[in-house]
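Student: Could we go through this one together, with the pockets as our starting point?
Tutor: Happy to, so let's bring it up on screen.

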Amino acid sequence: SSHHTSRAAEARVPWADSMAEGTPDEMDDAAPLQAKMDRVHWVPLESNPDILNEFAHKAGMSEKWQFVDIFSLDLLDMVPEGAVAVTLLFKCTKVLSEFKLAQRARIEKDTQTVSEGLVYLKQYIGNACGTIACIHSLANNEKAIGLEQETPLGKFLAEIKGKSPAEAGALLADAKDLHAASEESASGGQTAAPEATASTDHHFIAFVEKDGDVYELDGGKAFPINHGKIPSDGNFLQAAARVIQTNFMDLDKTEIEFNMMALAPAE
């Protein structure tokens, strides 16, 4: 609905540490790894297309693609046609945390289909959820955006091929080129970038399409979430917007801090 403006000044906060949103049971299988990663923190990227584009271009995205603001779910036609990913910044509220736990229990009981072609990383690095949302957006559209193999992200994707989400998330901590690109981009933000170890209460995730399904990719959740098929009379952007409306905005109507961007062709 239109009162959820993603331009809200307070939504221009730096990207958050999803571990704040994580629950202990999600970390059980990765306890030793988590202990190691607790010492790894990146400076959070700000929720701002300029910052995201700077990081994405350094990582290997061609100049033919860009992240742009989605000002409101009622203004999707302002986004250039052909969007292939959507990012969402939201505040970690009690309502959303409870929904997340119930969602996990439901999927573990009923199971879900997850495309073998999906690239998904668990988040173990403090404050890296913005960087990971960007990586998820680019990595799952490698062919569409013409990602070259010798770029920092191209090399990283080759390295994590066939690895589990946990292994891929751990390898990101050692990806020096991507870390450098992220830190350089973070320092150029509109708001002063917080310390790498600062705790934030916002979280940033990505939505992509694979095999006709819309996926929510959140490195702080137990697994990717398959939100189902894109309707035959619609497109990815409309389908992702509907998922965001239903699974985030409508759940907590008191919360207006949502900020969205789309990865779309540069005009």
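**Pockets, helices and annotated sites**

The lining of the second largest pocket is made up of Leu76, Asp77, Val79, Pro80, Glu81, Gly82, Ala83, Asn235, Phe236, Leu237 and Gln238. Keep in mind that this is a predicted model.

Student: How do the residues lining the second largest pocket divide by class?
Tutor: The second largest pocket holds about 160 Å³ of space. Its lining includes Asp77 and Glu81 as well as Leu76 and Val79. By class, the lining divides into 6 nonpolar, 3 polar and 2 charged.

Student: Asn235 is in that lining; which backbone nitrogen does its side-chain oxygen reach at the start of H9?
Tutor: Helix H9 covers residues 236-249. At its start, a side-chain oxygen of Asn235 comes to within 3.2 Å of a backbone nitrogen, and that nitrogen belongs to Leu237.

Student: What is the distance between the end C-alpha atoms of H9, and what span should its residues give?
Tutor: H9 has 14 residues, and at 1.5 Å a residue they should span 20 Å. The end-to-end C-alpha value agrees with that expectation, at 18 Å.

Student: How many residues of H9 are buried?
Tutor: The buried residues include Phe236, Leu237, Val243, Ile244 and Phe248, and Gln245 and Asn247 are also among them. H9 is largely enclosed by the rest of the structure, because the buried count out of 14 is 11.

Student: Turning to the largest pocket, which helix supplies the largest share of its lining?
Tutor: This pocket has a volume of about 580 Å³. Of its 23 lining residues, Gly117, Val119, Glu142, Leu157 and Lys161 are the closest to the centre. Helices H6 (152-160) and H7 (165-172) each supply at least two lining residues. The largest share is 4 residues, and it comes from H6.

Student: How many residues of that lining are nonpolar, polar and charged?
Tutor: The largest pocket is lined by 23 residues. Sorted by class, they are 10 nonpolar, 7 polar and 6 charged.

Student: Gly154 is in H6; how far is it from Gly60 in space?
Tutor: Gly154 has a relative accessible area of 5%, so it counts as buried. Along the sequence, Gly154 and Gly60 are 94 residues apart. In space, C-alpha to C-alpha, the two are separated by 7.1 Å.

Student: Where does UniProt place the feature "active site", and what is the largest C-alpha distance there?
Tutor: The unreviewed UniProt entry places that feature at Cys129 and His203. They are spread over 75 residues of sequence yet cluster in space, with a largest C-alpha distance of 6.8 Å.

Student: Are Cys129 and His203 buried or exposed?
Tutor: Cys129 lies in helix H5 (residues 129-139), while His203 is in strand E3 (residues 202-210). The cut-off for buried is under 20% relative accessible area. Cys129 has 2%. His203 has 0%, so Cys129 and His203 both count as buried.

Student: Thr111 and Asp211 have positive phi values; are they buried or exposed?
Tutor: Thr111, with phi near 65°, is in the loop between helix H4 (94-110) and H5. Asp211, with phi near 50°, is in the loop between E3 and strand E4 (213-217). A residue counts as exposed over 50% relative accessible area. Thr111 has 60% and Asp211 has 56%, so Thr111 and Asp211 are exposed.

Methods
Residues are numbered from 1 along each chain as its sequence is written. This is a predicted model: local features need pLDDT of at least 70, side-chain atom pairs count only at pLDDT 80 or more; totals for chains, interfaces and linings use all residues. Side-chain values use heavy atoms; hydrogens and water are left out. The expected span of a helix is 1.5 Å times one less than its number of residues. Buried means under 20% relative accessible area, exposed over 50%, partly exposed in between (1.4 Å probe, protein chains only). A polar contact is a pair of N or O atoms within 3.5 Å; within protein, one must be able to donate a hydrogen and the other to accept it, and residues adjacent in sequence count only if both atoms are side-chain atoms. On a 1 Å grid over the protein atoms alone, a cavity is a set of points where a 1.4 Å probe fits but cannot get out, and a pocket is an open set with protein on both sides within 12 Å along at least five of seven lines; lining residues have an atom within 4 Å of a point. Grid points are joined across faces, edges and corners, and a volume is the space filled by probe spheres set on the points. Ala, Val, Leu, Ile, Met, Phe, Trp, Tyr, Cys and Pro count as nonpolar, Asp, Glu, Lys and Arg as charged, and the others, Gly among them, as polar. UniProt positions are given in the numbering used here, feature names are shortened, and annotations may be inferred rather than shown by experiment.
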